[in-house]
Amino acid sequence: MLADGAWDVVTFQEQSADGMRAACFDPWADRLVKLVRERQPKARLYFQLTWGDPVYSPRISDDAGGLGNLGMTQTEMSAALVSNYTAQ
């Protein structure tokens, strides 16, 4: 798709399941940005922030009211997402 004409804007988005882990961005985000810059040098690049899971998600809370699979609250997940996206 990057070779299909000129693009004004290219967006990147990590899925919420991985976006709160910095290791999912580094070094992959830098490599992706480099690739896009090489093939679409005039395009503006944006990271589109994904959202955290809702409080009823099994990744956030379990049936007993404790923490779910991620081991973090919705607030913690959202804060981690914002931190990783703004660091890019």
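What follows is a tutorial dialogue on reading the features of one predicted model.

Student: Before we start, what should I keep in mind about this predicted model?

Tutor: Local features need pLDDT of at least 70 and side-chain atom pairs count only at pLDDT 80 or more, while totals for chains, interfaces and linings use all residues. Residues are numbered from 1 along each chain as its sequence is written, and side-chain values use heavy atoms, with hydrogens and water left out.

Student: OK, how many helices and strands does the protein chain have?

Tutor: Helices (H or I, at least four residues) and strands (E, at least two) are DSSP runs, numbered from the N terminus. Here you get 3 helices and 2 strands, and their order along the sequence is β-α-α-β-α.

Student: In which sense do β1 and β2 pair?

Tutor: Two strands pair if DSSP finds at least two bridges between them. In this model β1 and β2 (residues 44-47) run in the parallel sense, over 4 bridges. For a concrete spot, take V9: its bridge partner in β2 is R44.

Student: And which side chains of β1 are buried?

Tutor: Buried means under 20% relative accessible area, exposed over 50%, and partly exposed in between (1.4 Å probe, protein chains only). Strand β1 covers residues 9-12, and its side chains alternate. V10 and F12 point to one face and are buried, whereas V9 and T11 point to the other and are not.

Student: Why does V10 count as buried?

Tutor: Because its relative accessibility is 12%. F12, also placed in β1, counts as buried because its value is 9%.

Student: What does V10 touch?

Tutor: Contact means heavy atoms within 4.5 Å. Not counting residues up to four places away in sequence, V10 touches L2, V36, A43, R44, L45 and Y46. You can also look at C-alpha distances: V10 and F47 are 37 residues apart in sequence and 8.7 Å apart in space.

Student: Which residues is F12 in contact with?

Tutor: With neighbours within four places in sequence set aside, the list is L32, V33, V36, L45, Y46, F47 and Q48. For L32, the C-alpha separation from F12 is 8.8 Å, with their positions 20 residues apart along the chain.

Student: Let's move to the loop between β2 and α3 (74-86). Is S57 buried or exposed?

Tutor: S57 lies in that loop, and S57 is buried because its relative accessible area is 9%. Its C-alpha atom is 7.8 Å from that of G68, 11 residues away along the chain.

Student: And N69, buried or exposed?

Tutor: N69 is found in the loop between β2 and α3 as well, but N69 is exposed because its relative accessible area is 67%. Leaving aside neighbours within four places in sequence, N69 is in contact with P58 and R59. From N69 to V9, 60 residues apart along the chain, the C-alpha separation is 35 Å.

Student: Zooming out, what is the radius of gyration of the protein chain?

Tutor: The radius of gyration is taken over C-alpha atoms, and the globule rule is 2.2 Å times the number of residues to the power 0.38. A compact globule of 88 residues would come out near 12 Å, but this chain has 16 Å. Its C-alpha trace spans about 55 × 20 × 15 Å along the principal axes.

Student: What percentage of the residues is buried?

Tutor: Buried residues make up 30% of the 88.

Student: And what share of contacts joins residues at least 24 apart?

Tutor: Among contacts between residues at least 6 apart in sequence, that share is 62%.
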